[in-house]
Amino acid sequence: MSRTRRTSGVTRCWADTNDMCFSPWLNSRFLRQLAGIESHYYQAKTEIRQFIRKIIKKKLADDERKTLPAIQSKDKNIFLNLATDLLRRGVFTLKNVEDESNIIVFGAFETTANAVYYTLMLLAMFPQYQERAFEEIKAMFPNTGDFDVSYADTQEMVYLDLILNESMRVIPPVPVVSRQTSQDLQLSNGIVVPQGVQIAIDIFHMHRSKKIWGPDAETFNPDHFLPDNIRDKHPYAYIPFTKGIRNCIGWRYALISAKVTLAKLLRNYRFSTSFPFEDLYFVEDITMKLKTVPLLELQKRN
Ligand code: HEM
């Protein structure tokens with residue numbers, strides 16, 4: 001895998017969004033122009049908006065060729081069907097459909113891609129766990145090459161589940177989320193957090209707390225998620241997608257698509273690296289970044 005990646009509009013737009021969260025003055029177009037980054041920001045934003053607009057336009061054109069009952073009989077759980085249905089009924093404007101689609105693309109893209117990459121990287125660093133995952137996948141898919149992975153297959157990949165969970169524990173793709181208190185909040189230690197305070201929830205450090213996860217909290221070991229080891233943990237000890245009413249709406253889809261991708265890659269290639277786990281240097285952003293992205297070597301499997 002190459003160290004220099006061609007970055008897509010989504011990735012560049014994420015980087016700009018990160019910059020704006022951590023340097024709020026960059027929300028001003030004037031200051032972005034002064035800083036000389038406005039054209040970069042504009043280009044990335046336009047690229048992703050055009051991509052999304054194209055998908056929406058195609059969907060609306062497809063619908064136009066169909067009768068209303070045929071359109072309405074479509075699966076309501078598919079996001080774009082739901083959004084365009086609201087547009088047809090006058091609840092959404094076209095801009096609403098575009099904005100909601102943008103959120104889905106931004107929420108889904110880099111998070112899932114990083115979760116898959118970090119899992120492959122960790123398996124390259126800890127080959128003993130990669131071999132166990134490989135054996136599980138090979139038993140289900142004896143042949144290399146391309147193969148279909150059904151939802152039922154993903155539910156049978158029990159060891160891959162442990163691995164994916166452990167990967168998102170030691171390297172949560174979203175390391176920190178924030179909330180604002182809507183009323184005074186008394187913590188269990190008696191401290192009162194007043195209404196209107198911004199709170200950062202530090203997922204990364206909570207996932208690595210020795211108090212919660214034991215002495216080897218800082219290392220990668222899928223056994224952390226064996227039923228006997230996870231049973232007595234606090235339900236909020238592990239929150240890569242957070243929990244509660246504003247948790248990630250795409251978490252099920254993310255897990256399924258990550259497992260399908262990992263199964264196909266791990267069945268076809270052995271991943272290795274000379275980069276030690278201990279040398280990883282994390283850079284907390286909206287999504288988790290690495291100061292140096294380790295090179296992975298791929299060897300074809302039989
Ligand atoms: C491994 C992959 C993913 C991770 C780790 C992840 C994680 C998160 C986290 C931590 C949040 C913030 C929740 C909060 O503030 O409490 C979030 C929000 C969100 N995610 Fe994901 N996500 C992933 C994949 C996806 C996918 C695939 C989609 C869409 C198909 C998606 C759509 C969203 C949306 C729309 C929100 C905003 C929800 C709201 O504010 O109500 N995410 N995600």
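Lys-264 is a good residue to start with: at 25% relative accessibility, this side chain counts as partly exposed, because anything between the 20% and 50% cut-offs gets that label. Keep in mind as you look around that this is a predicted model. Lys-264 forms a salt bridge with Asp-146, and the closest N and O atoms are 3.0 Å apart. The two partners come from distant parts of the chain, 118 residues apart: Lys-264 belongs to helix α13, while Asp-146 sits in the loop between α7 and α8. Asp-146 has 68% relative accessibility, so it counts as exposed.

Why do pairs like this come about? Side chains of opposite charge can pair when their charged atoms come close. How many salt bridges are there here? The count comes to 18.

Let's visit another one. Arg-53 pairs with Glu-98 in a salt bridge, with 3.1 Å between the closest N and O atoms. Again distant parts of the chain are linked, since Arg-53 is in helix α3 (residues 38–64) and Glu-98 is in helix α6 (residues 94–125), 45 residues apart. Is Glu-98 buried or exposed? Its relative accessible area is 9%, so Glu-98 is buried, whereas Arg-53, at 39%, counts as partly exposed. These two also have company: salt bridges with shared partners join Arg-49, Arg-53, Lys-95, Glu-98 and Asp-99 into one network.

Now hop over to Arg-270 and Glu-131, whose side chains meet in a salt bridge at 3.7 Å, N to O. This pair ties strand β5 (residues 269–272), home of Arg-270, to helix α7 (residues 127–140), where you'll find Glu-131, and the two are 139 residues apart. Arg-270 is partly exposed at 31% relative accessibility, and Glu-131 is partly exposed at 29%.

For a buried spot, try Thr-154 in helix α8 (residues 151–156). With 1% relative accessibility, Thr-154 counts as buried. A polar atom of the Thr-154 side chain lies 2.5 Å from the backbone oxygen of Tyr-151. Leaving aside residues up to four places away in sequence, Thr-154 touches Val-149, Ile-256, Lys-259 and Val-260.

Next comes the metal. Which protein residue gives a donor to the iron atom of the ligand? The single donor from the protein is Cys-248, through its SG atom, 2.3 Å away. Cys-248 is in the loop between α12 (227–230) and α13 (251–268).

Finally, look at the surface. Trp-25, Phe-30, Leu-31 and Leu-34 make a nonpolar patch of about 470 Å². Leu-31 is placed in helix α2 (residues 29–35), and its 31% relative accessibility makes it partly exposed.

Methods: Residues numbered from 1 in each chain as written. Predicted model: local features only at pLDDT ≥ 70, side-chain atom pairs only at ≥ 80, totals over all residues. Heavy atoms only, no water. Patch = residues over 30% accessible without salt bridge, like charges linked within 9 Å, V, L, I, M, F, W, Y side chains within 5 Å. Areas by Shrake-Rupley, 256 points an atom, 1.4 Å probe, with all protein chains shown as cover. Salt bridge = Lys/Arg side-chain N within 4 Å of Asp/Glu carboxyl O. Helix = DSSP H or I, 4+ residues; strand = E, 2+ residues; numbered from the N terminus. Buried < 20%, exposed > 50% of the residue type's maximum accessible area, 1.4 Å probe, protein only. Donors = N, O, S within 2.8 Å, 3.2 Å for Na, K, Ca; no water. Polar contact = N/O pair within 3.5 Å; in protein donor to acceptor, adjacent residues only side chain to side chain. Contact = heavy atoms within 4.5 Å.
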